[in-house]
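This report looks at one contact between two chains and at several local sites. Please have the sequence and the structure open as you read.

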Amino acid sequence: MNAIASMSRPEICNTIRYTFPVRLGALILSGLLAVPGALAAEPAANPDACCPAIDAAAFTKNSLYQADATFTDDTGRAVKLGELRGRPVVLAMFFASCGYACPLIVSDMQTIREKLPAEIRERAAFVLVSFDVARDTPAALATYRAQRSLDGQWVLLHGADDSVRELAALLGVKYKQETDGAFSHSNLITILNPQGEITHQRTGLKGGLDEAAAALAAAACAN
Amino acid sequence: MKAASLRRLGILTLGLSAGMGLGGAEIQNPKPKTGNPGSPSVVLAQEGMIAIPAGVYVPLQRTTKEAAQVAVASFLLDEHPVTNAEFLAFVTVQPKWRRSQVSGLFADSSYLENWAGDLEPGPSAPPGAPVVRVSWFAARAYARWAGKRLPTTAEWELAAAAGYARPDGRNDAELKRDLYAWLARPVPAVQAEAAAARPDFHGVRGLHGLVWEWVDDFNTAMVTGESRGDSGLERDLFCGAGSVGAKDPGDYAAFMRTALRSSLKANNTTSALGFRCAQDAPHP
């Protein structure tokens, strides 16, 4: 599967059709249901605009983007997850001071990114949402971005406790703060298709990165 | 005892109207409501809510890094679980939570299955019975609509630790008998009246013996099931998890609640799972 990084998009999509025929059926269906306007990637939206108007009614039935939670990115801009519509997304929950699993999760997301064909890699968004509503302020997330050398494709989000818990529930992530301030949490990397539907989840800390990259490529190909 | 109760109540007594139930006199159909005669619970401005004094929650199971005791601030809790009539008022004004319109992401296919129609609870869901077959998302949306929130696990368990006659129900034989009798009974096709459940020491009804109830942080429970599951892959599923011994292996019902919470997904609905709302206690 590492080879997909060097393929052209038609080759990738053919490979994926061949490899994942069952999943593809569902993706084609969701592709048919998709709103035509949703196909265009819009990563270049004005970064200073607060919460561009999003037509929630246009989200598909299983789209996470129906959730109305609002987050704040590391520049202090208010963000709704629905703004990611149109892009394939790799999403994980984490906390910046985590010394064990979170650095591995971020590294694994970077590995998934490297495994993607260039065309899909450029369109994808890599999203980290923090459990640590008290300490992972936008400023702290900006520091984390600098420390980890995360470029503009990475979206680092802070949210109110309510929003974070709702997103965790949607993803099936369980978490709890310990007395030392650290969090116990599920280790999950979620792949969202351009409609914001979960198409794949990688659980645990070992393996599964080829599958995650393939799922992301498949999700992107569905459009 | 009375003085101690009053001291313990602290700020909550500020919300008292005159002639409240602290003197031990029986008050019939009080309005606003009181707790039991002699109960430390006090009358509150919030109709149908009861003050739960601050206390300590001892988690049933915890990891080595978790606190053995969790301090819980005083808070307000609904006297009884949310009823079908109350939930009907909610879905009437918020169509997206009606059975036919709710997203599968937020409620599974058996959401409000026992209702006769979108806006018609019908004979299987009497107006005064607790609403069941509601998801965590729906319960939360209701609470937000009502200007309230769901209780946390610590709050719910603190309130539920009360006995019928004492603040600490651990040795309340009557309560235990009723609780285990309920656990042994099959889920009834039609739930009983929420307001008819026997009140506990604080005046709260139906925490035990009516329906299971959602808590806001249900998705903190990380019990993976059997101990063999805590090796290999399972250990990697959670960062820093791995439960150690339970504080009270005899508290069978608490095990069941923990197991239920850890097995639920937020869009699940079941025939015996409802909810009630909480609020922060008003501060002067």
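A residue counts as buried when its relative accessible area is under 20%, as exposed when that area is over 50%, and as partly exposed in between. B:R133 has a relative accessibility of 17%, so it counts as buried. The model is a predicted one.

**Two loop residues with positive phi**

B:R133 sits in the loop between α2 and α3 of chain B. Its phi is positive, at about 55°, although B:R133 is not a glycine. Most residues other than glycine have a negative phi. B:L112 also has a positive phi, of about 50°, and is not a glycine either. Its place is in the loop between α2 and α3 of chain B. B:L112 is buried, with a relative accessible area of 0%.

**The site around B:T269**

Where does B:T269 lie? It is found in the loop between α7 and β7 (273-274) of chain B. Its relative accessible area is 7%, under the 20% cut-off, so B:T269 is buried. Leaving out residues up to four places away in sequence, B:T269 touches B:D108, B:S110, B:Y111, B:R133, B:V134 and B:S135. B:R133, described above with its positive phi, is thus one of the residues that B:T269 touches. The side chain of B:T269 also makes polar contacts with two of these side chains, B:D108 and B:S110. The table gives the distances.

| Side chain | Polar partner (side chain) | Distance |
|---|---|---|
| B:T269 | B:D108 | 2.8 Å |
| B:T269 | B:S110 | 2.7 Å |

**Helix α2 of chain B**

Helix α2 of chain B covers residues 84-93. Its buried residues are B:N84, B:F87, B:F90 and B:V91. Seen down the axis of α2(B), they fall within an arc of 115°, so they line one face of the helix. What do the buried residues of α2(B) pack against? They pack against α3 of chain B.

**The contact between chain B and chain A**

α3(B) appears again where the two chains meet. The contact takes 30 residues from chain B and 30 residues from chain A. The size of an interface is often given as the accessible area lost when the parts come together. Here the buried area is about 2600 Å², and carbon and sulfur atoms give 50% of that area.

How many salt bridges are there between chain B and chain A? The count is two. One salt bridge joins the side chains of A:D162 and B:R144, at 3.7 Å from N to O. Six residue pairs are in polar contact between the chains, with both residues at pLDDT 80 or more.

On the side of chain B that touches chain A, four elements give two or more residues: α3 (136-145), α6 (233-237), β6 (238-239) and α7 (252-263). α3(B) gives the most, with four residues. By type, the residues on this side of chain B are 13 nonpolar, nine polar and eight charged.

**A:P103 in chain A**

A:P103 lies in helix α3 of chain A, which spans residues 101-115. Is A:P103 buried, partly exposed or exposed? Its relative accessibility is 23%, so A:P103 counts as partly exposed. Beyond its neighbours within four places in sequence, A:P103 is in contact with A:C98 and A:R148. A:R148 is 45 residues away along the chain, and the C-alpha atoms of A:P103 and A:R148 are 9.2 Å apart.

How values were computed. Residues are numbered from 1 along each chain as its sequence is written. Chains are lettered from A and ligands numbered from 1 in the order in which they are written. This is a predicted model: local features need pLDDT of at least 70, side-chain atom pairs count only at pLDDT 80 or more; totals for chains, interfaces and linings use all residues. Side-chain values use heavy atoms; hydrogens and water are left out. Contact means heavy atoms within 4.5 Å. Buried area is the accessible area (1.4 Å probe) that two parts lose on being put together, summed over both. A salt bridge is a side-chain nitrogen of Lys or Arg within 4 Å of a carboxyl oxygen of Asp or Glu. A polar contact is a pair of N or O atoms within 3.5 Å; within protein, one must be able to donate a hydrogen and the other to accept it, and residues adjacent in sequence count only if both atoms are side-chain atoms. Ala, Val, Leu, Ile, Met, Phe, Trp, Tyr, Cys and Pro count as nonpolar, Asp, Glu, Lys and Arg as charged, and the others, Gly among them, as polar. Buried means under 20% relative accessible area, exposed over 50%, partly exposed in between (1.4 Å probe, protein chains only). The arc is that of the directions from the helix axis to the C-beta atoms.
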